[in-house]
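The exercises below are meant to be worked with the sequence and the model side by side. Try each task before reading its solution.

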Amino acid sequence: MKHGVLQLFILLFIAGCFNLQASPLEFTPSVQDTTTRYGYWTDIPSKKEKKQWNVFGIKIPIYTPPKRMERGIVKSLFIPAKTWQTGISFSHYEENNDDYDFLIIENWKGKAYSLRISPFFCWYFKNNQGVGGRFTYKNTHFNIRELSISIEDDMSFTLDNAYITNQMYQCAAFVRNYVGLHSRIGVFNETHLTYGYGNGKLSVGNTEVPNRTSQTTHEIQLGIRPGICGFVTNSVMFEFSFEVGGLRYRKISQIINDETKGTRTTGIANFRLNLLSLNLGLAVCI
């Protein structure tokens, strides 16, 4: 009798323990806040509550921008603050043609000359950031003694004694930002605002009664110029840059044979690589 009561007590105790362990599973899960994994129900952590302002009982949500991704770019020091930089960039082009033929061009006789000089200075008010100015002088000269263009047998024309010259003066203010790839090599981006004034002449015909045209040019330009540079010594730097376009407005006024006057205006928004605007420069940092 005693052994039977003891066995019954042990069975009831074991059954009670199993009921206590199984009781947490006796609930109805929802699709939004629960999921199943390996046959067990687990809670999904709830989303972070949005911040709100309570203005006179009206709840106004506050936008919290996401955390910015870290890309591992280290802003190394390339040009320190309180540094003066001065330099110059230039380009030169010259050609001579004597009875030269090319595609539709025949019997080309003449000379061409182009020169571009651009001194600049820059003051770095912050590490790798500076402001400065640039002055540019351009001189272009073409002298065509004889030139024939033949498209078809019945479509051709000849240009004799043509003289073209053009001079351009430009002043620019710019902002530069550098990113150092190495202690000696870096890349930069330059944003500049430029004003230019130019004058040119065109003369076509024989020497007795030439057809003369003179023109003046005014232009303003907002452009971007990226580039790469490297220090040859601790203070002498060599740079290579090119134009990628921008916004430009130009107005040209013409006078033909001192009598007729006309104007031409152009507005251009162009953001693409200009292979004809490659610049080589040399600068000194003090």
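**Exercise 1.** Is E219 buried or exposed, and what is its relative accessible area? Then examine its charged partner in this predicted model.

*Solution.* Begin with the accessibility of the residue itself: E219 has a relative accessible area of 6%, and because buried means under 20%, E219 falls into that class. Next, look for a side chain of opposite charge, which brings up R250, whose closest N atom lies 2.8 Å from an O atom of E219 in a salt bridge. The pair links distant parts of the chain, since E219 belongs to strand β10 (residues 211-231) and R250 to strand β12 (residues 245-256), 31 residues apart. Finally, classify the partner: R250, at 25% relative accessibility, counts as partly exposed.

**Exercise 2.** How many salt bridges does a search of the whole structure find, and which parts of the chain does the pair R176 and E239 tie together?

*Solution.* The search returns five salt bridges. General chemistry gives the background, in that side chains of opposite charge can pair when their charged atoms come close. For the pair in the task, the N to O distance between the side chains of R176 and E239 is 3.0 Å. R176 sits in strand β8 (residues 155-180) and E239 in strand β11 (residues 236-241), so this salt bridge ties together parts that are 63 residues apart in sequence. Both R176 and E239 are buried.

A further pair is formed by E243 and R225, with the closest N and O atoms 2.8 Å apart. Here E243 lies in the loop between β11 and β12 while R225 lies in strand β10, so the parts tied together are 18 residues apart in sequence. E243 is buried, as is R225. As a last step, ask which residues are joined through shared partners: R134, R176, E190 and E239 form one network of salt bridges.

**Exercise 3.** Which residues line the largest cavity, and how do they divide by class?

*Solution.* First establish what there is to examine: the structure holds one cavity of 30 Å³ or more, and the volume of the largest cavity is about 50 Å³. Its lining consists of S89, F120, R134, R225, E239, F240, S241, N279, L280 and G281. Sorted by class, this lining has three nonpolar, four polar and three charged residues. Turning to the secondary structure, β11 and β14 (279-285) each supply at least two of the lining residues. R134 and E239, both named in the lining, also belong to the salt-bridge network described in Exercise 2.

**Exercise 4.** Which strand gives the largest share of the nonpolar patch on the surface?

*Solution.* List the members before assigning them: the patch is formed by F135, Y169, L193, Y195, Y197, I220, L222, L247, Y249 and F271, which together have about 960 Å² of accessible area. At least two residues come from each of β9 (185-204), β10 and β12, and β9 gives the largest share, with three residues. For one member in detail, F271 is found in strand β13 (residues 260-271), and at 57% relative accessibility F271 counts as exposed.

**Exercise 5.** How many residues apart in sequence are V187 and S241, and how far apart are they in space?

*Solution.* Start from V187, which is placed in strand β9 and counts as partly exposed at 29% relative accessibility. V187 and S241 are separated by 54 residues in sequence, while their C-alpha atoms are 9.6 Å apart in space. S241, for its part, is one of the residues that line the largest cavity.

Key: Residues are numbered from 1 along each chain as its sequence is written. This is a predicted model: local features need pLDDT of at least 70, side-chain atom pairs count only at pLDDT 80 or more; totals for chains, interfaces and linings use all residues. Side-chain values use heavy atoms; hydrogens and water are left out. A salt bridge is a side-chain nitrogen of Lys or Arg within 4 Å of a carboxyl oxygen of Asp or Glu. Helices (H or I, at least four residues) and strands (E, at least two) are DSSP runs, numbered from the N terminus. Buried means under 20% relative accessible area, exposed over 50%, partly exposed in between (1.4 Å probe, protein chains only). On a 1 Å grid over the protein atoms alone, a cavity is a set of points where a 1.4 Å probe fits but cannot get out, and a pocket is an open set with protein on both sides within 12 Å along at least five of seven lines; lining residues have an atom within 4 Å of a point. Grid points are joined across faces, edges and corners, and a volume is the space filled by probe spheres set on the points. Ala, Val, Leu, Ile, Met, Phe, Trp, Tyr, Cys and Pro count as nonpolar, Asp, Glu, Lys and Arg as charged, and the others, Gly among them, as polar.
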